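Let us walk through one sheet and a few ring contacts. Keep the sequence and the 3D view side by side.

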Amino acid sequence: QVQVVESGGGLVQAGGSLRLSCAASGSIFSMNAMGWYRQAPGNQRELVATITSGGRTNYADSVKGRFTISRDDTKNTVSLQMNSLKPEDTAVYYCKADSLTKSFRHLEVWGQGTLVTVSS
């Protein structure tokens, strides 16, 4: 089993910054791609940013230049630094981890989500 837990959400004013963190734990042999997604009320879940095991990143156009994703494979963590936040960034942010377990099963695991609220 593999679990992921997010932290770092909260309330911030427009123009402010937040840093989200996600830690994976369990029977992990290695972590493949990791990423952040978000879902605003009434909207579908959408990709925010992903990072491969090789460090290649991908961002939604709406966050390019403002958000930065990074990972620490020694701790099985992925972080999302969010700067210049806008009210439209308000959403529940979810971490997703693509893991290879010690029994060599591929597992795609989602966290429970963390709420980010940006006030205008």
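Four strands build an open sheet, ordered S1-S3-S8-S7, and they pair in the antiparallel sense. Strand S1 (2-7) and strand S7 (67-72) each have a single partner strand, so they stand at the edges with one side lacking a neighbour in the sheet. From one strand to the next, the twist averages 15°. Strands here are DSSP runs (E, at least two residues), numbered from the N terminus. Two of them pair if DSSP finds at least two bridges between them. Twist angles run from 0 to 180 degrees between N-to-C directions, along axes fitted to C-alpha atoms.

This is a predicted model: local features need pLDDT of at least 70, side-chain atom pairs count only at pLDDT 80 or more, and totals for chains, interfaces and linings use all residues. Residues are numbered from 1 along each chain as its sequence is written, and side-chain values use heavy atoms, without hydrogens and water.

Which residue stands opposite Asp72? It is Thr77 in S8. S7 pairs with strand S8 (residues 77-82) over six antiparallel bridges.

Now the rings. The whole structure holds two aromatic pairs (ring centres within 6.5 Å; planes under 30 degrees apart are stacked, over 60 edge-to-face, the rest tilted). In one pair, the planes of Phe29 and Phe104 meet at 55° with ring centres 5.1 Å apart, so the pair is tilted. Phe29 lies in strand S4 (residues 28-39), and Phe104 in the loop between strand S9 (91-101) and strand S10 (106-110), 75 residues apart.

The charged end of Arg45 sits over two rings, listed below. This term needs CZ of Arg or NZ of Lys within 6 Å of the ring centre and within 35 degrees of the ring normal.

| Charged end | Ring | Distance to ring centre |
|---|---|---|
| Arg45 | Tyr94 | 3.7 Å |
| Arg45 | Trp110 | 4.6 Å |

Key
Phe/Tyr/Trp six-rings, centres within 6.5 Å; stacked < 30°, edge-to-face > 60°.
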